[in-house]
Amino acid sequence: MAFDWSFALVLAATSLGSVVAALFLLPFLPGTRPPPPTQEAPQDDNLVFLFDNETLLDVTAPGRAFLDGAGGGLSDWQRLCARLEPRFPGFQDRLSRLAQTGSIALTEAGGTAQLAATWMDGVARITLHLGGSDGAAHADSAMMHELTSNRAVIDALPIPAWRCGPDGAIGWANRAYIDLIREGTNGPLTWPLPALFPEGAATPHRVLRGPDGQDRWFDCSTAGVEGDAIHFAVPADAAVRAETTLQSFMQTLTKTFAELPIGLAVFNRTRELVLFNPAMSELFNLDPEFLIARPTLRNVLDRLREDRMMPEPKDYRAWRQAIERLERDAENGIYADTWTLPSGAVYRVTGRPHPDGAVAFLFEDISAEMSLTRRFRGELETGQAVLDTLEEAIAVFSNGGMLTLSNSAYAALWGDDPTLLMGSGDIAGATAQWQAQCLTLEDAAHPPDLARHIRQRTRWIGELVHCDGHRLACRIAPIAGGAVLVGFRRLARSAHPAPEVSFASG
């Protein structure tokens, strides 16, 4: 049977046309639109951490950046706890039971972040989903950069700083605080970190005992942030040493002042009593309660006037003027006075200026000294009165050659007032005066050298002739204390006039 080639060609042409028409109409048929080009799946923004106990086995790149934001000085597990505990309260407690529960899921307190943890054959897989759009992720990245920078600054601070939650647990600490922990322990760090100031960080001048046995002091302060407390501990060793030295110095001064018999009262620039010693209370019979109440200078003086413990003023106006003068003179450092009290006691009062406008007063009981002075003066007056009753002219020279004592008979004989000669005349002046008013005896081959006898404290007895014709019996006698007594006594007038020859005096 012969093949019909014309029929085959027609059939092929018809089939090719059908295929071309089908390809042309296919895009316009319902459900036959070709799928769009395949797009890349969105990146997963989860942070994944794999921990074997507290050892980090693996972490994603965003997770590593998240851990680095916790600062240095901590292990990877401690960094994760420091970052997650504030955002997911109870994270550590829930994760400690992960082996029993198998999995946990937490939502950020006050946020949208999600945390999931799964237990897989001894390994904890922790997944953190921060959430948010690309803009939010960008903002979170900027915040993370700022947080990292701030943490770096705080870590570089030389003072310890740490943050505690409402339960007192430490959720974060800087490197200085961690270094303090490491100084006191040889073991590894544990989380949560131990509290170095358990009695309350807000208490100033806290002390820590170092590994070398030396105490280290800190000034602690606290600031509240979002319900937590941030504590700072500034080293205060120098301040404590200075304060200790000052306290020791003040105790020494206090003990010294307490034993002084002189009353001390210090008034500040507003004239309030700020310091006094027990002698101040004893001298004036003042109640310690009155002095402790910080009375003013005027109040103290008014109290002394009422108790008759100071000189009685003639009138109130004069009294006020005296008080103003006392205060003014004390400021200039020139106030000094002697108070004779109605009781007979005598006080020496001295005012001295102190720094910063303060004024100090010293009250010294000189009653015994004044009594001794009065008695000594009375004895001198009595002795002088006794000498004045003697007819013999008496002159006493001290060991230094000064005329210290004479009587009225001596003044009448030689024409000098003894009260003017006391302490001013000497041997040379006195003997020169005697020489000028005396003549030598007729039979005196060698005139007496009275000055030499007095200086050498040698005993001598002889006669002199006064210009008025009277003979004078003279005697030189050493007495106690290196002094020398010279006496002149008138004898009967000579019957013949004395020759006009003066005697020699050394």
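This is a short talk on the strands, salt bridges and surface of one predicted protein model.

Hi everyone, thanks for coming. Please keep in mind throughout that we are looking at a predicted model. I'll start with the overall numbers, then go to a sheet, then to some charged pairs, and end on a helix.

So, the overall numbers. The protein has 506 residues, and 34% of them are buried. Its secondary structure comes to 17 helices and 21 strands. If you take the contacts with a separation of 6 or more, 41% of them are between residues 24 or more positions apart. As for the surface, about 30300 Å² is exposed, and carbon and sulfur atoms supply 57% of that.

Now the sheet. Please scroll to the C-terminal part of the numbering, and look for strand S21, residues 484-490. There is an open sheet of six strands here, and the order across it is S17, S16, S21, S20, S19, S18, with antiparallel pairing. Which strands sit at the edges? Those are S17, residues 403-406, and S18, residues 438-439, and each of these pairs on one side only. As a reminder, strands of a sheet pair through backbone hydrogen bonds, in either the parallel or the antiparallel sense.

Let's walk across part of it. From the S17 edge, S17 and S16 are joined antiparallel over three bridges, and there you can find Val396 opposite Leu405 of S17. Next, S16, which spans residues 393-397, pairs with S21 over five bridges, again antiparallel. If you want a register marker for that step, take Ala395, whose bridge partner in S21 is Val486. On the other flank of S21 comes S20, residues 471-478, with seven antiparallel bridges between the two. The marker there is Arg475, with Gly487 as its bridge partner in S21.

S20 and S21 also form a hairpin, with five residues between the strands. Gly481 in that hairpin takes a positive phi near 75°, so have a look if you enjoy backbone torsions.

How covered is S21, then? Mostly: five of its seven residues are buried.

On to the charges. The structure holds 14 salt bridges, and I've picked three to show you.

The first is Asp228 with Arg163, where the closest N and O atoms are 3.1 Å apart. This pair links distant parts of the chain: Asp228 is in strand S10 and Arg163 in strand S6, residues 161-164, and the two are 65 residues apart. S10 itself covers residues 228-235. Beyond its neighbours within four places in sequence, Asp228 is in contact with Arg163, Cys164, Gly165, Pro166 and Ala223. Arg163 counts as partly exposed, because its relative accessibility is 23% and the buried class stops at under 20%.

The second pair is Arg269 and Asp356, which meet at 2.7 Å, N to O. Here both partners come from loops: Arg269 from the one between S11 and S12, Asp356 from the one between S14 and S15, with 87 residues separating them in sequence. Are these two buried or exposed? Arg269 is exposed, because its relative accessible area is 54%, and Asp356 is exposed too, at 58%.

The third pair is Arg303 and Asp287, with the closest N and O atoms 3.9 Å apart. For a salt bridge the limit is 4 Å, so this pair is counted. Arg303 sits in helix H11, residues 297-306, while Asp287 is in the loop between helices H9 and H10, 16 residues away in sequence. Arg303 is partly exposed at 23% relative accessibility, and Asp287 is partly exposed at 42%. The pair also belongs to a network of salt bridges linking Asp287, Arg303 and Asp307.

Last stop: helix H8, residues 237-259, where you will find Leu246. Together with Phe249 and Met250, Leu246 makes a nonpolar surface patch of about 310 Å². Glu259 is in H8 as well, and it counts as exposed because its relative accessibility is 68%. From Glu259 to Asn277 is 18 residues in sequence and 8.5 Å in space, C-alpha to C-alpha.

That's my tour. Thanks for listening, and I'm happy to go back to any of these spots with you on the screen.

Notes:
Residues numbered from 1 in each chain as written. Predicted model: local features only at pLDDT ≥ 70, side-chain atom pairs only at ≥ 80, totals over all residues. Heavy atoms only, no water. Helix = DSSP H or I, 4+ residues; strand = E, 2+ residues; numbered from the N terminus. Contact = heavy atoms within 4.5 Å. Patch = residues over 30% accessible without salt bridge, like charges linked within 9 Å, V, L, I, M, F, W, Y side chains within 5 Å. Areas by Shrake-Rupley, 256 points an atom, 1.4 Å probe, with all protein chains shown as cover. Salt bridge = Lys/Arg side-chain N within 4 Å of Asp/Glu carboxyl O. Buried < 20%, exposed > 50% of the residue type's maximum accessible area, 1.4 Å probe, protein only. Pairing = 2+ DSSP bridges.
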